[in-house]
Amino acid sequence: MKLLTLGKILKTKGLDGTVKIASSTDFAKTRYQQGNKVFLFNEKTNEIKEVTVSSYYFHQGNDYVSFEEYPTIEAITPFINWSICIDKNSLPELGENEYYFCDLEECDVYENDVLVGKVKLVEDYNGRKLLRIARKNKSDLLLPFVNAFIKDVDIKAKRIDVKLIEGM
């Protein structure tokens, strides 16, 4: 099972076990629908707990979720700083030339057939996607995932062709 992170539990809200989440998904309303199964994941211990979404709402730029298994503040508090994940295999198949951002990780990045580096992570900064590209003997490159820089993406070949500007 390959887990994809939807967000991270920041803190509790209220006494009913609702938690505030720093989401990294573009589909929070769909992912956190009542009755959906998700996983709570502790990155330090690799502990995984399957839970069922009890409620979801969006307020002032944040997602708030509660789970059937943890209906009180006391029950959910130990899960602060845990990630909320889904199984990648549970996601629907995409059409040709479509991909999930997680599919970009581990892709080799080329400019004019010269290897620039490898995508380490797709990061979200205020709704904008950036590729964190690990480069040999250089600091990581943060490249905006926009048409001005991304020329071609081939997920099957794990290759991304880009056009960089001077100074990158």
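Which residue in E9 does Tyr 125 stand opposite? In this predicted model, the residue opposite Tyr 125 is Arg 128 in E9. That pair belongs to the antiparallel pairing of E8 with strand E9, residues 128–134, which extends over seven bridges. From this starting point, the description moves outward to the sheet around the pair, then to the barrel, and lastly to the pockets.

The sheet that holds E8 and E9 is an open one of six strands, and reading across it gives the order E10-E9-E8-E7-E12-E11. Its pairing is mixed. At the edges stand strand E10, covering 141–144, and strand E11, covering 150–154, and each of these pairs on one side only. Between neighbouring strands of this sheet the average turn is 35°, with direction ignored.

On the other side of E8 comes strand E7. Strand E7 takes in residues 108–111 and strand E8 residues 114–125; the two run antiparallel and are joined by four bridges. Within this pairing, Tyr 110 has Leu 115 of E8 as its bridge partner. The connection between E7 and E8 is a hairpin with two residues between the strands, and in the turn Asn 112 has a positive phi of about 55°.

A good residue to pause on here is Val 109, which is part of strand E7. Is Val 109 buried or exposed? Its relative accessibility is 0%, so Val 109 counts as buried, the limit for that label being under 20%. Setting aside residues up to four places away in sequence, Val 109 touches Val 114, Leu 115, Val 116, Gly 117, Val 119, Ile 133, Ile 160 and Val 162. Among these, Leu 115 has already appeared as the bridge partner of Tyr 110. Val 109 can also be placed relative to the earlier part of the chain: Thr 12 is 97 residues away along the chain, and the C-alpha atoms of the two are separated by 40 Å.

The barrel comes next. Six strands close into it in the order E1-E2-E5-E4-E3-E6, and the pairing is antiparallel. Neighbouring strands in the barrel are turned against each other by 50° on average, again with direction ignored.

Two hairpins of the barrel share strand E4. In one of them, strand E3, residues 37–42, pairs with strand E4, residues 47–59, in the antiparallel sense over six bridges. Val 38 finds its bridge partner in Val 51 of E4. Four residues lie between the strands of this hairpin, and Asn 46 takes a positive phi near 60°. In the other, E4 pairs with strand E5, residues 62–67, in the antiparallel sense over six bridges. Phe 58 stands opposite Asp 63 in E5, and Tyr 57 has Tyr 64 as its bridge partner in E5. The hairpin of E4 and E5 has two residues between the strands, with Gln 60 taking a positive phi near 50°.

The loop between E3 and E4 contains Glu 43. Which residues are in contact with Glu 43, leaving aside its neighbours within four places in sequence? They are Lys 8 and Ser 83. Trp 82 is 39 residues from Glu 43 in sequence, and the C-alpha atoms of the two are 7.1 Å apart in space.

Attention now turns to the empty space. Rolling a probe the size of a water molecule over the atoms shows where such space remains. The largest pocket holds about 800 Å³ of space. Its lining consists of 26 residues, and those nearest its centre are Thr 5, Ser 24, Thr 25, Phe 101 and Lys 129. The elements giving two or more residues to this lining are strand E1 (3–13), strand E2 (18–23) and E8. Strands E1 and E2 belong to the barrel, whereas E8 belongs to the open sheet. Sorted by class, the lining of the largest pocket comprises 13 nonpolar, six polar and seven charged residues.

The second largest pocket holds about 460 Å³ of space. How many residues line the second largest pocket? There are 17, of which Gly 95, Glu 98, Tyr 99, Asp 103 and Ile 155 lie nearest the centre. By class, this lining divides into seven nonpolar, three polar and seven charged residues.

Technical notes: Residues are numbered from 1 along each chain as its sequence is written. This is a predicted model: local features need pLDDT of at least 70, side-chain atom pairs count only at pLDDT 80 or more; totals for chains, interfaces and linings use all residues. Side-chain values use heavy atoms; hydrogens and water are left out. Two strands pair if DSSP finds at least two bridges between them. Axes are lines fitted to C-alpha atoms, for helices over the stretch in contact, and angles run from 0 to 180 degrees between N-to-C directions. Buried means under 20% relative accessible area, exposed over 50%, partly exposed in between (1.4 Å probe, protein chains only). Contact means heavy atoms within 4.5 Å. On a 1 Å grid over the protein atoms alone, a cavity is a set of points where a 1.4 Å probe fits but cannot get out, and a pocket is an open set with protein on both sides within 12 Å along at least five of seven lines; lining residues have an atom within 4 Å of a point. Grid points are joined across faces, edges and corners, and a volume is the space filled by probe spheres set on the points. Ala, Val, Leu, Ile, Met, Phe, Trp, Tyr, Cys and Pro count as nonpolar, Asp, Glu, Lys and Arg as charged, and the others, Gly among them, as polar.
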